[in-house]
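Let's take a friendly walk through this structure together, moving from the overall fold to single residues. Please have the sequence and the 3D view open as you read.

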Amino acid sequence: MDPVIDESNEAPIFRALNLSVIPVWAAMIIAPRSKLTARLVRWSDAMMAALAAAYALQFAHMALTSDQKFDVSDLVGLREGMGKPAGFLIGWTHFIAFDLFVGRWIWRTALEEQRNARLALALTLMAGPAGLGVFGLQRRSMRSD
């Protein structure tokens, strides 16, 4: 068993977080203009609320029941907190939620502006800010024409 992620608790949560967003990402990238994608993105409003609730619950649970403190105001405390299983999951939930939020914005904006955002969406899924940056550059280059 991995000493950082206890298979009995953290690994299933990690997998569930990842799997929960894959259908929306796949639809936005593969079939951005389909009705199914539009439905999945609308449904993902509930998913965003669930991710926010999961984040808050994980943070509260760690703060109330664990010696694993998560001091976000201090570099050492933040590094130590994220190095613990509960802290890692809190951070991962944060990444999943914000990347999905940004991906949905890119998808909607690309549809409104009638542009292809597949590369930006794929990069946002895999490397968050890199995809947002690519999309910003794509939009800027189209405006300057």
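A good place to start is Leu51. Leaving aside residues up to four places away in sequence, Leu51 touches Leu17, Val21, Thr93, Ile96, Ala97 and Leu100. Keep this residue in view, as it will come back when we turn to the core. Bear in mind as well that what you are looking at is a predicted model.

Now step back to the whole chain. The model contains 6 helices and 0 strands, so that reading along the sequence gives the pattern α-α-α-α-α-α. Of the 145 residues in the chain, 34% are buried. Among contacts with a separation of 6 or more, 60% are between residues 24 or more positions apart. On the outside, the chain exposes about 8900 Å², and carbon and sulfur atoms supply 67% of that area.

Next, the interior. Which residues have the most contacts inside the largest nonpolar core? They are Met28, Leu51, Leu100 and Leu121, in a core of 24 residues. Helix 1 (10–30), helix 2 (35–65), helix 4 (85–112) and helix 5 (118–127) each contribute at least two residues to this core. Helix 4 gives the largest share, with 8 residues. As a general point, nonpolar side chains in soluble globular proteins tend to be buried together.

With the core in mind, let's see how the helices pack, beginning with helix 1 and helix 2. Their axes come within 9 Å and cross at roughly 155 degrees. Angles over 145 degrees count as roughly antiparallel, and helix 1 is therefore roughly antiparallel to helix 2. The crossing of helix 1 past helix 2 is left-handed. On the helix 1 side, the contact is made by Leu17, Ser20, Val21, Pro23, Val24, Ala27 and Met28. Helix 2 answers with Thr37, Leu40, Val41, Trp43, Ser44, Met47 and Leu51. Here you meet Met28 and Leu51 again, both named above among the residues with the most contacts inside the core.

Ser44 deserves a pause. This residue of helix 2 has a relative accessible area of 0% and is therefore buried. Not counting residues up to four places away in sequence, Ser44 touches Val24 and Arg104.

Helix 1 also packs against helix 5. Here the angle is about 160 degrees and the axes are 9 Å apart, so helix 1 and helix 5 are roughly antiparallel to each other. Helix 1 passes helix 5 in a left-handed crossing. The residues making the contact are Trp25, Met28, Ile29 and Ile30 from helix 1, together with Arg118, Leu121, Ala122, Thr124 and Leu125 from helix 5. Met28 thus takes part in the contact with helix 5 and in the contact with helix 2.

Take a closer look at Ala122, which lies in helix 5. Although Ala122 and Ile29 are 93 residues apart along the chain, their C-alpha atoms are separated by 6.8 Å. Is Ala122 buried or partly exposed? Its relative accessibility is 29%, and Ala122 therefore counts as partly exposed.

A further pairing brings in the last stretch of the tour, helix 6 (residues 129–143). The axes of helix 4 and helix 6 come within 11 Å and cross at roughly 20 degrees, which makes helix 4 roughly parallel to helix 6. Their crossing is left-handed. To find the contact, look for Val102, Trp105, Ile106, Thr109 and Ala110 in helix 4, which meet Gly131, Leu132, Phe135 and Arg139 in helix 6.

Two local details round off the walk. Met82 lies in helix 3 (residues 75–82) and, at 32% relative accessibility, counts as partly exposed. The C-alpha atoms of Met82 and Val72, which are 10 residues apart along the chain, are separated by 9.6 Å.

The other detail is Gln114, found in the loop between helix 4 and helix 5. What is the phi of Gln114? The value is near 50 degrees, which is positive in a residue other than glycine. Most residues other than glycine have a negative phi. Gln114 is also exposed, with a relative accessible area of 69%.

Note on methods:
Residues numbered from 1 in each chain as written. Predicted model: local features only at pLDDT ≥ 70, side-chain atom pairs only at ≥ 80, totals over all residues. Heavy atoms only, no water. Helix = DSSP H or I, 4+ residues; strand = E, 2+ residues; numbered from the N terminus. Buried < 20%, exposed > 50% of the residue type's maximum accessible area, 1.4 Å probe, protein only. Contact = heavy atoms within 4.5 Å. Areas by Shrake-Rupley, 256 points an atom, 1.4 Å probe, with all protein chains shown as cover. Core = buried A, V, L, I, M, F, W, Y, C linked by side-chain atoms within 4.5 Å. Axes fitted to C-alpha atoms, helices over the stretch in contact; angles between N-to-C directions. Parallel < 35°, antiparallel > 145°, perpendicular 65-115°, else oblique. Left-handed = near helix turned anticlockwise from the far one by under 90°.
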